[in-house]
There are 2 protein chains.
Amino acid sequence: MPRRKQRTEDWRQVLRDAGLRGTSARIELLELLARSPRPLTHQEAVEGLPQVETDRSTLFRALQDLTSAGLVRRLDLGDRVWRYERVVATADAAGEAVPHPHLLCVDCGNITCLTDDDVQVKLPKRLGTVEDVLLKGHCADCKES
Amino acid sequence: MPRRKQRTEDWRQVLRDAGLRGTSARIELLELLARSPRPLTHQEAVEGLPQVETDRSTLFRALQDLTSAGLVRRLDLGDRVWRYERVVATADAAGEAVPHPHLLCVDCGNITCLTDDDVQVKLPKRLGTVEDVLLKGHCADCKES
DNA sequence: CTGTAGATGCAACTGAGTTGCAGAAAAATA
DNA sequence: TATTTTTCTGCAACTCAGTTGCATCTACAG
Ligand SMILES: [Mn+2]
Ligand SMILES: [Mn+2]
Ligand SMILES: [Zn+2]
Ligand SMILES: [Zn+2]
């Protein structure tokens, strides 16, 4: 049994467990997102799946579906493009299981996934409660040029 | 000399000092933004200036111009709409003189301007440097519903 | 007052995302 | 396996926020 086929079946199972049908768009997306070290935009997903011949709207809908099924997380960073990252059920070192802060680099546009240890935010309760943190600045590669 | 005329002349001077011509679109915008307790979107500006009969694109261009002249600040929050807030030259209690963190309420969409005292962010330098902070969560009005 | 750099209106365009609908493909069922 | 039911997909048209080219207009320096 070929390796590729095997993986495909694994992803199909993940989808089914989440209550979604195992369609090629969703399988390829999941696989791509799982491989990616950082969140991807719709556009990046299209480019990352040159073999897949899917309509734009289908891809958008697939990303929505994966998001509402809890398999991926959608990030609204401050640059008018949504990004998606895989949510793994069992928290591992990468820490993708729970929401975490992100740093959007204003120079190169890259996203750095942070942990709650990296950034500590304290907000007086009278002002509200924090659910998500987005930093903008210069990433490790771009700082002091 | 009518009060309104006086204010108009003040704003014209502000514009001229910043190297911009004193056009009605810019004057009305500055006045509106200065009155507003929170950043406004282009759309909100249009609605806030019902008397002004200006083309959409002119308003957009005016907002751009004010921004690049340093008279207003443009905020890229995570909801695909730009917001603009007045930058006052002399720092006052409102603290609008310098960039500051903002809280975007995920319930009602309101923006709360914060101060650096309200939120303390520490990011390990190896990961980059922070220039702006955006929090998402529940604003004072919406928390615990 | 005038000449001109710069602002405006209009219409067409972009990019990201959404939507209605008819036909196609999964999964459920028999 | 064949049939039925449910969900997904492609397509085309649409929305929303913002941008752009160009002819015309206007603020203001001289
Ligand atoms: Mn992340
Ligand atoms: Mn503010
Ligand atoms: Zn960078
Ligand atoms: Zn709120």
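**Contacts with DNA strand D, and two cores**

Reader: What makes the pairing of Arg61(A) with a base oxygen of DNA strand D a polar contact?

Author: In this predicted model, an N or O atom in the side chain of Arg61(A) lies 2.8 Å from that base oxygen. The cut-off for a pair of N or O atoms is within 3.5 Å, so this is a polar contact.

Reader: What about Ser57(A) and a base nitrogen of DNA strand D?

Author: An N or O atom of the Ser57(A) side chain is 3.5 Å from the base nitrogen. The limit is within 3.5 Å, so this pair counts too.

Reader: Which part of DNA strand D does the side chain of Thr23(A) meet?

Author: A phosphate oxygen, 2.8 Å from an N or O atom of Thr23(A). Chain A gives two or more residues to this surface from α2 (24-35) and from α4 (56-68), and chain B does so from α1 and α4. The most, 5 residues, come from α4(B).

Reader: How many residues near DNA strand D are charged?

Author: There are 12, beside 8 polar and 4 nonpolar. Arg21(A), Arg26(A) and Arg16(B) are among the closest. Arg counts as charged, so these belong to that class.

Reader: Why is the set with Leu15(B) and Leu29(B) called a nonpolar core?

Author: Its 19 residues are buried and of nonpolar types, joined through side-chain atoms within 4.5 Å, so the name fits. The largest share, 5 residues, comes from α2(B). Leu29(B) touches Leu59(B), Leu63(B) and Leu66(B), among others.

Reader: What lies apart from this core?

Author: Another core, of 18 residues, including Leu15(A) and Leu33(A).

Note on methods: Residues numbered from 1 in each chain as written. Chains lettered and ligands numbered in written order. Predicted model: local features only at pLDDT ≥ 70, side-chain atom pairs only at ≥ 80, totals over all residues. Heavy atoms only, no water. Buried < 20%, exposed > 50% of the residue type's maximum accessible area, 1.4 Å probe, protein only. Helix = DSSP H or I, 4+ residues; strand = E, 2+ residues; numbered from the N terminus. Contact = heavy atoms within 4.5 Å. Near = heavy atom within 4 Å. Polar contact = N/O pair within 3.5 Å; in protein donor to acceptor, adjacent residues only side chain to side chain. Lists of a residue's contacts leave out its neighbours within four places in sequence.
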